[in-house]
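Work through the exercises below with the sequence and the 3D view at hand. Try each task before reading its solution.

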Amino acid sequence: MKTIKEITAALKIAEDWQEWMAAIETDERAGVQKAWHSWNKRQEKKRQLLEEHQAKIDFDQCYGGENAFIAGVDEAGRGPLAGPVVTAAVILPKNCETLVGLNDSKQLTKEKRNVFAALVKEHAISYFIHFQSAQTIDALNIYEATKQSMKTSVESLSIKPDYVLVDAMTLPITIPQDSIIKGDAKSLAIAAASILAKTARDEYMEQLDKEFPMYGFAQHAGYGTKQHLEALETFGPTIHHRKSFEPIKSM
């Protein structure tokens, strides 16, 4: 009979059910049952992720036909007081097994976002990331600036998509499109775009933090936190701040 330690170690590396596990189900040792429960819980989580992944793929494929190129589009940074709004457009291949677990960027840790961003860039048929400056945001307004940035991202793809799925926005493009509310939770392509936009913007704000360390951009990414507002009162706005946003507008 195997020891509890041996069984626990074997279960930790087992990806799928194997014949030797039949004996574990009837093993009455508490340590064995604890390890068995953990393995089953892990398997259930994996099954759930696969189901959610397939649902996102099915959602995308219901647009434009089986072999259509579907582009997902999303943004990051509409709300902050400083920095660009960043948009991304992504066309994914039909086989996206490497992206199981990809979700709305807000639902993932920074580490997982960075891992998925690298995977999306590696496996995407085409992708494009666009930065819309604070000056353009002030000139157009944030909604129009975001819309124009999304348009640029779509039209800059190396392959023209057959259909465009946009997270809660309608774009001035001639390609067929649909505006999807909470699209990053329903569409794999939009979720991929969400990840690329978020990670690109976070990286930009971290670089900006090195130039303007007094504002704490690396901590709050330009949002109006207490730390950021206090820095604005002390040092005033930079060229990267949005002059059309309050309280900067009143300053």
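## Exercises on a sheet and a site

**Exercise 1.** Find the bridge partner of V90 in β3, then place the two strands in the sheet.

*Solution.* Step 1: V90 has Y127 as its bridge partner in β3. Step 2: β2, residues 85-91, is joined to β3 by 7 bridges, and the two strands run antiparallel. Step 3: in this predicted model, 5 strands make up an open sheet with mixed pairing, in the order β3-β2-β1-β4-β5. Step 4: β3 (126-132) and β5 (177-180) are the edge strands, each pairing on one side only. From one strand to the next, the twist averages 15 degrees.

**Exercise 2.** Determine which strands helix α8 lies across.

*Solution.* Step 1: locate α8 at residues 188-211. Step 2: this helix lies across β1 (70-76), β2, β3, β4 (163-167) and β5. Step 3: the angle between α8 and β1 is about 35 degrees.

**Exercise 3.** Locate the residues that UniProt lists under "binding site", and decide whether D167 is buried or exposed.

*Solution.* Step 1: the unreviewed UniProt entry lists D74, E75 and D167. Step 2: these residues spread over 94 residues of sequence, yet they cluster in space, with a largest C-alpha distance of 8.0 Å. Step 3: E75 is in strand β1, and D167 is in strand β4. Step 4: beyond four places in sequence, the contacts of E75 include V85, M150 and A197. With the same exclusion, D167 touches D74, M150 and I190, among others. Step 5: D167 counts as buried because its relative accessibility is 15%, and the cut-off for buried is under 20%.

Notes. Residues are numbered from 1 along each chain as its sequence is written. This is a predicted model: local features need pLDDT of at least 70, side-chain atom pairs count only at pLDDT 80 or more; totals for chains, interfaces and linings use all residues. Side-chain values use heavy atoms; hydrogens and water are left out. Two strands pair if DSSP finds at least two bridges between them. Helices (H or I, at least four residues) and strands (E, at least two) are DSSP runs, numbered from the N terminus. Axes are lines fitted to C-alpha atoms, for helices over the stretch in contact, and angles run from 0 to 180 degrees between N-to-C directions. Contact means heavy atoms within 4.5 Å. UniProt positions are given in the numbering used here, feature names are shortened, and annotations may be inferred rather than shown by experiment. Buried means under 20% relative accessible area, exposed over 50%, partly exposed in between (1.4 Å probe, protein chains only).
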